[in-house]
Amino acid sequence: TEGGSGPAQRWALKSNGCEFQAHRGSISRLSWAHPEFGQLLVTCGSSDHSATIWEERETTAQPAAFDQSDNNNLSNNNMSANMSNDKANTMRWVAKAQLTDARKAVTCAEFAPRHLGLRIATGSADGFVRIYEAIDVMNLNHWPMNTSIEVESSSNTSESTTHTQHGHSSSSLQKHTDLSSVLSSSQSLGVTALSWCNSRFEPATLVVGGHSGNVTVYRYSESSRAWSVSVKLPRHRSATLDVSWAPNVGRSFHLLASCGKDGRLTVHKLKRGNGNGNGNGKTPQRTLALESSNDLDTDGFRVWRVEWNITGTVLASSGDGGKVQLWKSDFCDRWKCVSDVQGDFSHLNQAREQ
């Protein structure tokens with residue numbers, strides 16, 4: 001779980017869970033890696049301008065200590081936690097690496113799909129998306145940055161520039177920051193959200209949202225070895241709060257969802273096609289094009305988070321009003337709310353009265 005207090009909490013079936021201090025300030029986002037790579041977690045903090053990669057380890061029942069062989073920059077923090085089971089073994093989370101290239105708050109982070117390898121994309125308030133890769137999955141202490149994409153400059157323009165580092169192309173992106181404090185600030189907040197396309201039949205692709213309201217799809221080209229803009233989606237009138245790329249289970253099109261501070265929740269439909277080739281005789285790379293964008297009726301409530309189910313057929317949204325809504329489309333591509341869950345705030349009201 002993520003929250004504004006700093007500690008990260010992890011819950012497991014038939015256990016009491018565990019809690020550990022992940023960052024000095026609030027945690028803006030976290031993401032799990034595919035189980036093939038083990039129990040890996042990445043968290044990003046809004047105050048220490050970094051993203052931290054954690055690994056769960058099982059040891060004998062002893063007081064937990066920080067692994068001194070890991071990143072030396074983490075030695076001053078309380079970065080391990082214990083969780084005891086019935087066999088008196090201890091599960092602890094160890095900080096393996098700290099990604100500190102961002103010049104401002106890291107607002108979002110997400111592991112790449114399994115078929116792309118062990119990669120992490122991070123977005124920060126300085127307007128960049130940075131992609132890191134563990135070259136050796138057995139050495140989780142080493143995460144070189146191979147790409148950086150500048151999505152929004154300090155002047156809040158929507159143009160992107162490409163850089164090259166260590167023989168790799170780079171592009172910079174922007175993403176989601178601390179919701180309560182940072183979004184209310186008037187400064188440039190860069191990247192506010194990002195999401196990977198998990199289709200195995202597409203090249204590495206990301207959708208990125210920015211504080212200026214832009215929602216842009218970026219794609220990696222093997223021929224040019226660079227990231228570039230693939231599709232510019234209809235922008236929000238104010239900051240983009242979240243984006244989510246729907247899992248593709250055989251559809252001939254892609255679905256993406258975005259929500260913004262302007263109160264709009266939008267589902268975008270992208271159609272797939274073949275390019276015109278690159279002139280070198282190779283098979284032309286698939287292209288994406290916007291087919292439609294549908295705004296969903298949220299009854300005037302602002303949506304802060306969106307997420308798809310595992311088949312990409314149901315969209316869940318949460319936001320103001322303490323309500324989680326589930327959306328589904330009919331055969332005419334009309335999206336309707338099929339269910340909603342209202343939170344119980346009675347205990348909060350009682351606390352205020354006291």
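Two strands are said to pair if DSSP finds at least two bridges between them, and this sense of pairing is used in the legends below, which describe a predicted model.

**View 1. The whole protein is built from one helix and 25 strands.** In this predicted model of 354 residues, 49% of the residues count as buried. The surface that the protein exposes comes to about 16900 Å², and carbon and sulfur atoms supply 47% of that area. Among contacts between residues at least 6 apart in sequence, 50% join residues that are at least 24 apart.

**View 2. Strands S14, S15, S16 and S17 form an open sheet, in that order, with antiparallel pairing.** The edges of this sheet are taken by S14 and by strand S17 (226-233), each of which has a single partner strand, so one side of each is left without a neighbour in the sheet. From one strand to the next, the twist averages 25 degrees. Strand S14 pairs with strand S15 (residues 205-210) in the antiparallel sense over five bridges, and within this pair the bridge partner of Trp196 is Leu206 in S15. Strand S15 is in turn joined by five bridges to strand S16 (residues 215-221), the two running antiparallel, and here Val208 stands opposite Thr216 in S16. Although S14 stands at an edge of the sheet, this strand is mostly covered, with six of its six residues buried.

**View 3. The largest pocket holds about 870 Å³ of space.** Its lining is made of 30 residues, and those that lie nearest the centre of the pocket are Ser31, Glu110, Phe111, Ser195 and Glu307. Several strands give two or more residues to this lining, namely strand S3 (27-32), strand S8 (106-111), strand S14 (191-196), strand S18 (240-245) and S22. Strand S14 therefore links this view to the sheet of View 2, where S14 stands at an edge with a single partner strand.

**View 4. A second open sheet of four strands has the order S22-S23-S24-S25, again with antiparallel pairing.** Strand S22 (303-308) and strand S25 (335-342) stand at its edges, and because each has a single partner strand, one side of each is left without a neighbour in the sheet. The twist in this sheet averages 25 degrees from one strand to the next. Strand S24 (residues 323-329) and S25 pair in the antiparallel sense over seven bridges, and Lys336 in S25 is the bridge partner of Lys328. Strand S22, at one edge of this sheet, is also among the elements that give two or more residues to the lining of the largest pocket.

**View 5. The largest cavity encloses about 60 Å³ of space.** The structure holds two cavities of 30 Å³ or more, and the residues lining the largest cavity are Thr298, Phe301, Arg302, Val303, Ser317, Ser318, Gly319, Asp320, Lys323 and Gln325. Strand S23 (315-319) and S24 each supply at least two residues of this lining, with the largest share, three residues, coming from S23. Both of these strands belong to the open sheet described in View 4.

**View 6. Strands S19, S20 and S21 are joined through two antiparallel pairings.** Seven bridges join strand S19 (residues 253-260) to strand S20 (residues 265-274), and these two strands run antiparallel. Within this pair, His254 stands opposite Leu270 in S20. The hairpin of S19 and S20 has four residues between the strands, and in this hairpin Gly263 takes a positive phi near 90 degrees. Strand S20 also pairs in the antiparallel sense with strand S21 (residues 286-296), over 10 bridges, and in that pairing the bridge partner of Lys269 is Ser292 in S21.

**View 7. Leu41 is found in strand S4 (residues 40-45).** A residue is called buried when its relative accessible area is under 20%, and Leu41, at 5% relative accessibility, therefore counts as buried. Leu41 and Glu56 are 15 residues apart in sequence, and the separation in space between these two residues is 8.5 Å, C-alpha to C-alpha.

Terms used:
Residues are numbered from 1 along each chain as its sequence is written. This is a predicted model: local features need pLDDT of at least 70, side-chain atom pairs count only at pLDDT 80 or more; totals for chains, interfaces and linings use all residues. Side-chain values use heavy atoms; hydrogens and water are left out. Buried means under 20% relative accessible area, exposed over 50%, partly exposed in between (1.4 Å probe, protein chains only). Contact means heavy atoms within 4.5 Å. Accessible areas come from the Shrake-Rupley method with a 1.4 Å probe; for residues, only the protein chains shown count as cover. Axes are lines fitted to C-alpha atoms, for helices over the stretch in contact, and angles run from 0 to 180 degrees between N-to-C directions. On a 1 Å grid over the protein atoms alone, a cavity is a set of points where a 1.4 Å probe fits but cannot get out, and a pocket is an open set with protein on both sides within 12 Å along at least five of seven lines; lining residues have an atom within 4 Å of a point. Grid points are joined across faces, edges and corners, and a volume is the space filled by probe spheres set on the points.
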